[in-house]
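Morning, everyone. I have one structure to go through today, and I will spend the time on the ligand sites. Here it is.

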Amino acid sequence: MRGRVLIAWGIVAIAGLALWIVIEPPAAVPDRSSARVAGEEAAEASQVVRGAYLARAGNCVACHTARGGALMAGGRPIDTPFGTLVTRNLTPHPGSGIGTWSDADFRRALHEGQAPGGRALYPACPYPQLTRVRASDADAIHAWLRSLPPVDAPHPGHRLQGVYGWPVALKLWRVLWFRPEPHRDDPARSEQWNRGAYLVRGLAHCSACHAPHNRWGAIDAGREFDGAPMISARWHAPSLSDPAQAGSRGLPVADVVALLRDGVASHGSALGPMAEVVLHGTSHLSDSDLRAMVVFLSDLPSTRGGAGPPAAPARTAEPRVLERGALLYREHCQDCHGREGEGAEGWPRLAGNRALTSPVAANVVRIVLSGGFPPSTPGNPQPYGMPPFSHRMSNAEVAAVVSYVRQAWGNQASPVDSGEVARWR
Ligand code: HEC
Ligand code: HEC
Ligand code: HEC
C-alpha cells in the first residue's frame with residue numbers, strides 16, 4: 001500500500017512538474033487560474049491511480065486483456081455453457097474502443113449492463129455483481145481507462161450456440177434474472193465489514209464463481225456463496241460459507257488474508273481459476289481491503305452444522321483400493337507432501353487440508369490429473385509446482401491415490417471411483 005501511495009504521489013508530482021514546465025508564466029508570481037488547473041490535474045492524476053487499483057480489484061484487467069495482447073484491448077475468449085464470448089476493447093479508441101463514451105455511459109454499462117444505444121451486455125461480464133459498484137468508483141475506473149493508449153481492436157463477434165445467440169434470448173434473460181441494484185451499507189455493521197461486503201459482493205464479484213447458478217446461468221438468490229461446479233473449466237468453486245469447504249469462519253483472519261494476497265497459506269493454496277483470481281486480482285489489494293473482505297467472509301452465516309442436519313458420514317474405501325493408493329502415494333507423492341501428508345515449506349500439507357476433504361472431490365482429481373502452480377505473488381515469488389499425472393496414471397490409479405489421501409492421516413472424506421475420474425479427465 002505504501003508503495004502505491006508513493007507511486008500516486010510520484011505521479012501527482014510529475015504531473016504537477018510537467019504542468020509547471022509547460023505553463024510557467026513569465027512573471028515569478030503564479031496566476032490564480034494556472035494554480036487551479038494544476039489542482040485539477042493533480043486530482044485527475046490521483047483519480048487515475050485509484051481507478052487502476054479498482055480495475056485490479058475488479059479483475060477487469062485479466063478478462064479484458066488477451067494473452068499477449070494490448071492492455072485492456074479485449075479479445076480474450078470466455079468459455080460458457082452457452083458458447084464462447086469474446087471480451088471487448090475498453091481502450092479510448094473512438095472507433096473500436098469506448099473513446100466516445102461519457103462517464104454516464106460507463107456507469108450505465110456496469111450498473112445496468114447496457115452499452116450506449118441500448119445494446120444489452122452478456123452477463124459473462126459480471127455486471128450482476130458489478131451493478132453494485134459505486135458511481136464514484138466507476139468514474140475512477142473510466143478515468144484510468146481514458147489514460148491508456150487507444151488501440152484499434154475491433155470486436156470479432158461472439159460464438160454462441162443456437163438460440164443463445166438470438167438477441168431476444170438475452171433480452172428475456174435480463175427480464176427474468178437481472179435487476180440493477182446499488183450497494184447499500186448496513187448501518188448495524190462496522191465500516192470494515194461494509195467495505196468487505198462492497199468488495200466481495202460487488203467489485204470483486206466473488207459470487208460469479210462461488211454461487212450456484214441455475215440452468216440459465218443466473219445466480220440462485222440467497223445462495224450467493226454456497227459453492228458451485230464450474231462446468232466449463234471443470235473445477236469446483238467451494239462454498240465460502242461452509243466451514244468444511246472454504247468458509248473463513250473460525251480461521252485466523254491473517255491466514256485467509258495470506259491466501260488471497262500470496263496464494264499460499266498454512267491451510268491450503270489457491271488452485272486453477274482461484275490462482276488466477278489471486279494473481280490478477282487480490283494479490284494487488286491493500287492489506288486493509290483484504291482484511292475487510294475477510295472480516296465480511298468470516299461473518300457469512302454458516303451453511304453447515306448448527307441447526308442443520310449433520311453431513312452424511314463418509315463411505316469407507318475398500319481395503320484393496322486403499323492399499324493400492326498407499327503404494328502409489330509412496331511412489332509418486334510422498335517426496336513432496338511428506339510421509340504423513342504433513343507437507344513442508346512450499347509443499348502443501350495434505351493431512352486435514354479442506355481442499356482434499358471437501359465433499360466434492362473434483363478439485364483433488366483435477367490437480368492430480370493436471371498438476372499446477374500456485375500464483376507467483378510478491379509474498380511467494382517463485383512458487384513450487386505440482387507435476388501432472390494424467391499421462392502416468394490410469395483412471396483407476398488416480399481414483400485409488402485420491403481415495404487414499406481423502407482417508408489417510410485422519411482425513412474423512414468419501415472415496416472416488418474411476419468413473420468419476422473419467423468424468424473430470
Ligand atoms: C469474467 C470476465 C470479465 C470480467 C472480470 C470483466 N469483464 Fe467486462 N466484459 C466481459 C465480456 C465477455 C464483455 C462483452 C459482453 C458483450 O459483448 O455483451 C464485457 C464487456 C464490458 C463492457 C462493454 C463494452 C462495450 O463496448 O460494449 C464494459 C464497459 C466492461 N466490460 C467493463 C468491465 C469492467 C470495468 C470490469 C471490472 C470491474 C469488467 N468489465 C470485468 C468480460 C469481463
Ligand atoms: C514435485 C512435488 C509434488 C509432487 C510429486 C506432488 N505434489 Fe501435490 N502439490 C505440490 C504443490 C507445489 C502443490 C500446490 C499447487 C498449486 O497450488 O497449484 C500441490 C498441491 C496438491 C494438492 C492441493 C492442495 C491444496 O492445498 O490446495 C493436492 C490434493 C495434491 N497436491 C496431491 C498430490 C498427490 C495425490 C500427489 C501424487 C499423485 C502429488 N500431489 C504429487 C507438489 C507436489
Ligand atoms: C473465476 C472463478 C472464481 C472467482 C471469481 C473467485 N473464486 Fe475463489 N475459488 C475458485 C475455485 C475454482 C476454487 C477452488 C480451488 C482452490 O482451492 O483454490 C476457489 C477457492 C477459494 C477459496 C479456498 C482456497 C483454499 O484452498 O483454501 C477461497 C477462500 C476463495 N476461493 C475465496 C474467493 C474470494 C474472496 C473471491 C473474490 C475476491 C473469489 N474466491 C473469487 C474460483 C473462483
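I start with the shell around ligand 2, where the residues divide into 19 nonpolar, eight polar and no charged. Keep in mind that this is a predicted model, so everything I quote is computed from predicted coordinates.

Which residues come nearest to ligand 2? Of the 27 around it, they are Cys333, Cys336, His337, Asn353 and Met386. Two of those five also appear in polar contacts. His337 places a polar side-chain atom 2.8 Å from a nitrogen atom of ligand 2. For Asn353, an N or O atom in the side chain is 2.8 Å from an oxygen atom of the ligand. The backbone takes part as well: a polar backbone atom of Phe373 is 3.5 Å from an oxygen atom of ligand 2. As for secondary structure, the elements that give two or more residues to this shell are strand 7 (268-269), helix 14 (334-337), helix 15 (354-357) and helix 16 (362-370). Helix 16 gives the most, with three residues. By domain, the shell draws at least three residues from each of domain 2 (191-298) and domain 3 (319-424).

Now the space around that ligand. Ligand 2 sits in the second largest pocket, and about 1,000 Å³ of space lies in that pocket. Of the 48 residues that line the pocket, Ser269, His337, Gly346, Trp347 and Pro348 are the closest to its centre. His337 is therefore on two lists: nearest to ligand 2 and closest to the pocket centre. Helix 16 gives the most to the lining, with four residues. Other elements that supply at least two lining residues include strand 6 (264-265), helix 11 (272-280), helix 13 (319-332) and helix 17 (395-407). The lining divides into 28 nonpolar, 16 polar and four charged residues. Like the ligand shell, the lining takes at least three residues from each of domain 2 and domain 3.

Next, ligand 3. It is surrounded by 23 residues, and the closest are Cys206, Cys209, His210, Leu271 and Met274. A polar side-chain atom of His210 lies 2.8 Å from a nitrogen atom of ligand 3. Two backbone contacts go to oxygen: a polar backbone atom of Leu271 is 2.8 Å from an oxygen atom of the ligand, and for Ser269 the distance is 3.3 Å. Helix 9 (207-210), strand 5 (235-237), helix 11 and helix 12 (287-298) are the elements giving two or more residues to this shell. What is the make-up of the shell by class? There are 17 nonpolar, six polar and no charged residues. Note that Ser269 contacts ligand 3 through its backbone and is also among the residues closest to the centre of the pocket that holds ligand 2.

Last, ligand 1. Of the 26 residues around it, Cys60, Cys63, His64, Arg88 and Cys125 come nearest. His64 has a polar side-chain atom 2.8 Å from a nitrogen atom of the ligand. Two contacts involve oxygen: a backbone N or O atom of Tyr122 lies 2.7 Å from an oxygen atom of ligand 1, and a polar side-chain atom of His158 lies 2.8 Å from an oxygen atom of the ligand. Helix 3 (60-64) and helix 4 (103-112) each supply at least two shell residues. This shell divides into 18 nonpolar, six polar and two charged.

That covers the three sites. I will take questions now.

Terms used. Residues numbered from 1 in each chain as written. Chains lettered and ligands numbered in written order. Predicted model: local features only at pLDDT ≥ 70, side-chain atom pairs only at ≥ 80, totals over all residues. Heavy atoms only, no water. Near = heavy atom within 4 Å. Polar contact = N/O pair within 3.5 Å; in protein donor to acceptor, adjacent residues only side chain to side chain. Nonpolar A, V, L, I, M, F, W, Y, C, P; charged D, E, K, R; others polar. 1 Å grid on protein atoms, 1.4 Å probe; cavity = no way out; pocket = protein on both sides within 12 Å on 5 of 7 lines; lining within 4 Å. Sits in = over half its atoms within 2 Å of the grid points. Domains from an automatic or database assignment. Points joined across faces, edges and corners; volume = space filled by probe spheres on them.
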